[in-house]
Amino acid sequence: MKSTTRTSAILGLLVLAAAAMAPRDATALVRPIRFERLSLDEGLSQAAVMDVLQDRRGYVWMATEDGLNRYDGSAFKVYRHDATDAATLPDGFVWDVEEDGAGSVWVATRGGLGRWDRATDTVVRQDTGAARHVRVLRYQAHGNALWIGTRENGLLRLDLASGALQPFAHDAKAPASLIDDRVYALYVDAKDRLWVGTDGGLDLLSTDGKGFTHYVPSDSDPASISDARIRAI
């Protein structure tokens, strides 16, 4: 009897504890989701937004087909390309925007790479050699580097401390080289590894930075990726 009574008492306490933790009115926890539309009427320069970034100060940057937009919560400021002004975007078509460890905002455009200078509120155009169409950017804190993916000139690593630029390109004679020069996606994972999405497959940069492991579709391997054209990671 003591055992049964004790068991019943414990079960009763568990039921009371569960009842105490349960919400009295489940519907009271449901909150409506409110959306605020930011369009051309509110000052956005162009409706096709390619990328969105919120920087450390709270500004929201939007890459569009007609300039770079900065939103402060109430109004937009638009940065555009001007062929007669070197302190403007390299091109009006902006693909991507990324912030580095120092708070500088980097801009990938159809005409090259730019860096927004906070002190002067202008864009400083960056030399990327022959690469013009910059498609995607990714900052890697380890090594303080900016990775630059281009549409047809492979991958570039910019050392932000020294300014040195290291290219990675496909070489048919080097199996561990970049699998394809058309780069569309970059990702640095929790293990600080760089993944590269190209038109020819997915690449993983080795830890020594000297070669890539390739992931491509294979009819004989059901566990392989389904398509070689990687657009997002």
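Which residue takes a positive phi in the hairpin of strand 9 and strand 10? That residue is Gly143, with a phi near 90°, in a hairpin that has four residues between the strands. Before going on, keep in mind that this is a predicted model, where local features need pLDDT of at least 70, side-chain atom pairs count only at pLDDT 80 or more, and totals for chains, interfaces and linings use all residues. Residues are numbered from 1 along each chain as its sequence is written, and side-chain values use heavy atoms, with hydrogens and water left out.

Let's step back to the whole fold. The protein has one helix and 16 strands, with helices (H or I, at least four residues) and strands (E, at least two) taken as DSSP runs and numbered from the N terminus. Of its 233 residues, 39% count as buried, where buried means under 20% relative accessible area, exposed over 50%, and partly exposed in between (1.4 Å probe, protein chains only). As for contacts (heavy atoms within 4.5 Å), take those between residues at least 6 apart in sequence: 40% of them join residues at least 24 apart.

Now back to strand 9. Together with its hairpin partner, strand 9 belongs to an open sheet of four strands in the order 9-10-11-12, with antiparallel pairing; two strands pair if DSSP finds at least two bridges between them. Strand 9 and strand 12 (165–168) are the edges, each pairing on one side only. From one strand to the next, the twist averages 20°, with axes fitted as lines to C-alpha atoms (for helices over the stretch in contact) and angles running from 0 to 180 degrees between N-to-C directions.

Zooming in on the hairpin, strand 9 and strand 10 (residues 145–150) pair in the antiparallel sense over six bridges. You can check the register in two places: Gln140 stands opposite Ala145 in strand 10, and Val136 stands opposite Gly149 in strand 10. Although strand 9 is an edge strand, six of its seven residues are buried, so strand 9 is largely enclosed by the rest of the structure.

Next comes a second sheet. Here four strands form an open sheet in the order 13-14-15-16, and the pairing is antiparallel. Strand 13 and strand 16 are the edges, each pairing on one side only. Neighbouring strands of this sheet are turned by 20° against each other on average, direction ignored. Four bridges join strand 15 to strand 16, and Asp203 stands opposite His214 in strand 16.

Two residues help you find your way around here. Trp195 lies in strand 14 (residues 194–198), and it counts as buried because its relative accessibility is 17%. Leaving aside neighbours within four places in sequence, Trp195 is in contact with a set of residues including Ala185, Tyr187, Asp203, Tyr215 and Ile233. Its C-alpha atom is separated by 9.6 Å from that of Thr213, 18 residues apart along the chain.

The other one is Gly211, in the loop between strand 15 (202–205) and strand 16 (212–215). Despite its place in a loop, Gly211 is buried, with a relative accessible area of 9%. Not counting residues up to four places away in sequence, Gly211 touches Ala176, Leu204, Leu205 and Ser206. Leu178 is 33 residues away in sequence, and the two are 7.5 Å apart in space, C-alpha to C-alpha.

That leaves the pockets. On a 1 Å grid over the protein atoms alone, a pocket is an open set of points where a 1.4 Å probe fits, with protein on both sides within 12 Å along at least five of seven lines; lining residues have an atom within 4 Å of a point. About 300 Å³ of space lies in the largest pocket, a volume being the space filled by probe spheres set on the points, which are joined across faces, edges and corners. It is lined by 16 residues, and Gln140, Leu205, Ser206, Thr207 and Gly209 lie nearest its centre. Its lining has four nonpolar, seven polar and five charged residues; Ala, Val, Leu, Ile, Met, Phe, Trp, Tyr, Cys and Pro count as nonpolar, Asp, Glu, Lys and Arg as charged, and the others, Gly among them, as polar.

The second largest pocket holds about 170 Å³ of space. Of the 14 residues that line it, Asp96, Val136, Arg138, Tyr184 and Arg231 are the closest to its centre. Strand 13 supplies the largest share of that lining, four residues. By class, the lining has nine nonpolar, no polar and five charged residues.
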